[in-house]
Amino acid sequence: MSDRSLRGMRLGAQSMETESGVEPAPRQRVEYRCEDGEQVFVTFAAEAEIPPVWVSKTGKEAILVDGEKPVDSNEKAVRTHWDMLLERRSVPELEQILDDRLKILRAKRGEKVS
């Protein structure tokens, strides 16, 4: 066997090309800080839009250092099923529907309906 053979090489798993002449895309390193002082560094492409808030690996929310503070958006209040029901029916209508359904249920059970 020749001395220059590729003995033990995993074919297809590794590139035989060198990295000479290869230039990586321009990047920027951005710093975020959590409320407790934890620093978070994230690398973005140079032309990427930088988000004002980043979630760290520990799950805490970090804010961009030397950036604009995030504005609290006026989110809609969470609507419950009861809220949505009240949008479609009035309370007297709901009471009437409840009475009707209770009468039907009691009739099915064989109870005395008044």
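## Working through a four-stranded sheet

In this predicted model, 4 strands form an open, antiparallel sheet in the order 2-1-4-3. Strands 2 and 3 are its edges, each pairing on one side only. Averaged over neighbouring strands and ignoring direction, the turn of one strand against the next is 40 degrees. Grab the structure and try these.

### Exercise 1: Lay out the chain

Work out which pattern of helices and strands the chain follows along the sequence.

**Solution.** Start with the inventory: the chain has 2 helices and 4 strands. Now read along the sequence, and you get β-β-β-β-α-α. To finish, look at burial: of the 114 residues in the chain, 9% count as buried. As for contacts between residues at least 6 apart in sequence, 17% of them join residues at least 24 apart.

### Exercise 2: Walk across the sheet

Go through the paired strands and find how many bridges join strand 1 to strand 2, strand 1 to strand 4, and strand 3 to strand 4.

**Solution.** Step one: strands 1 and 2 pair in the antiparallel sense over 7 bridges. Here Arg29 stands opposite Thr43 in strand 2. These two strands make a hairpin with 4 residues between them, where Gly37 takes a positive phi near 95 degrees.

Step two: strand 1 also runs antiparallel to strand 4, and 3 bridges join them. Arg33 has Ile63 in strand 4 as its bridge partner.

Step three: strands 3 and 4 pair antiparallel over 3 bridges. Val53 stands opposite Ile63 in strand 4, while Val55 has Glu61 in strand 4 as its bridge partner. This pair of strands is a hairpin too, with 5 residues in between, and Gly59 in the turn has a positive phi of about 90 degrees.

### Exercise 3: Find the core

Find which residues make up the largest nonpolar core and which strands each supply at least two of them.

**Solution.** First, pick out the members: the core has 8 residues, namely Val30, Tyr32, Cys34, Val40, Val42, Phe44, Ala62 and Leu64. Next, map them onto the strands: strand 1 (27-34), strand 2 (39-45) and strand 4 (61-64) each supply at least two. As a general backdrop, nonpolar side chains in soluble globular proteins tend to be buried together.

Then zoom in on Val30. Leaving out residues up to four places away in sequence, Val30 touches Val40, Phe41, Val42, Phe44, Ile50 and Leu64.

### Exercise 4: Sort out the rings

Count the aromatic pairs, then explain why the pair of Phe44 and Trp54 ties together parts that are apart in sequence.

**Solution.** Begin with the count, which comes to 2 aromatic pairs. One of them is Phe44 with Trp54, an edge-to-face pair at 5.5 Å centre to centre with 90 degrees between the planes. Phe44 lies in strand 2 and Trp54 in strand 3 (residues 53-55), so the pair ties together parts that are 10 residues apart in sequence.

Now check burial, with under 20% relative accessible area as the cut-off for buried. Phe44 comes in at 13%, so Phe44 counts as buried. Trp54 has 30% and is partly exposed.

Widen the view, and ring pairs link Tyr32, Phe44 and Trp54 into a cluster.

### Exercise 5: Spot a charge over a ring

Find which ring the charged end of Arg29 sits over.

**Solution.** Follow the side chain of Arg29 to its charged end: this sits over the ring of Phe41, 4.2 Å from the ring centre. You've met both residues already: Arg29 stands opposite Thr43, and Phe41 is among the residues that Val30 touches.

Note on methods: Residues numbered from 1 in each chain as written. Predicted model: local features only at pLDDT ≥ 70, side-chain atom pairs only at ≥ 80, totals over all residues. Heavy atoms only, no water. Core = buried A, V, L, I, M, F, W, Y, C linked by side-chain atoms within 4.5 Å. Buried < 20%, exposed > 50% of the residue type's maximum accessible area, 1.4 Å probe, protein only. Contact = heavy atoms within 4.5 Å. Phe/Tyr/Trp six-rings, centres within 6.5 Å; stacked < 30°, edge-to-face > 60°. Lys NZ or Arg CZ within 6 Å of the ring centre and 35° of its normal. Pairing = 2+ DSSP bridges. Axes fitted to C-alpha atoms, helices over the stretch in contact; angles between N-to-C directions.
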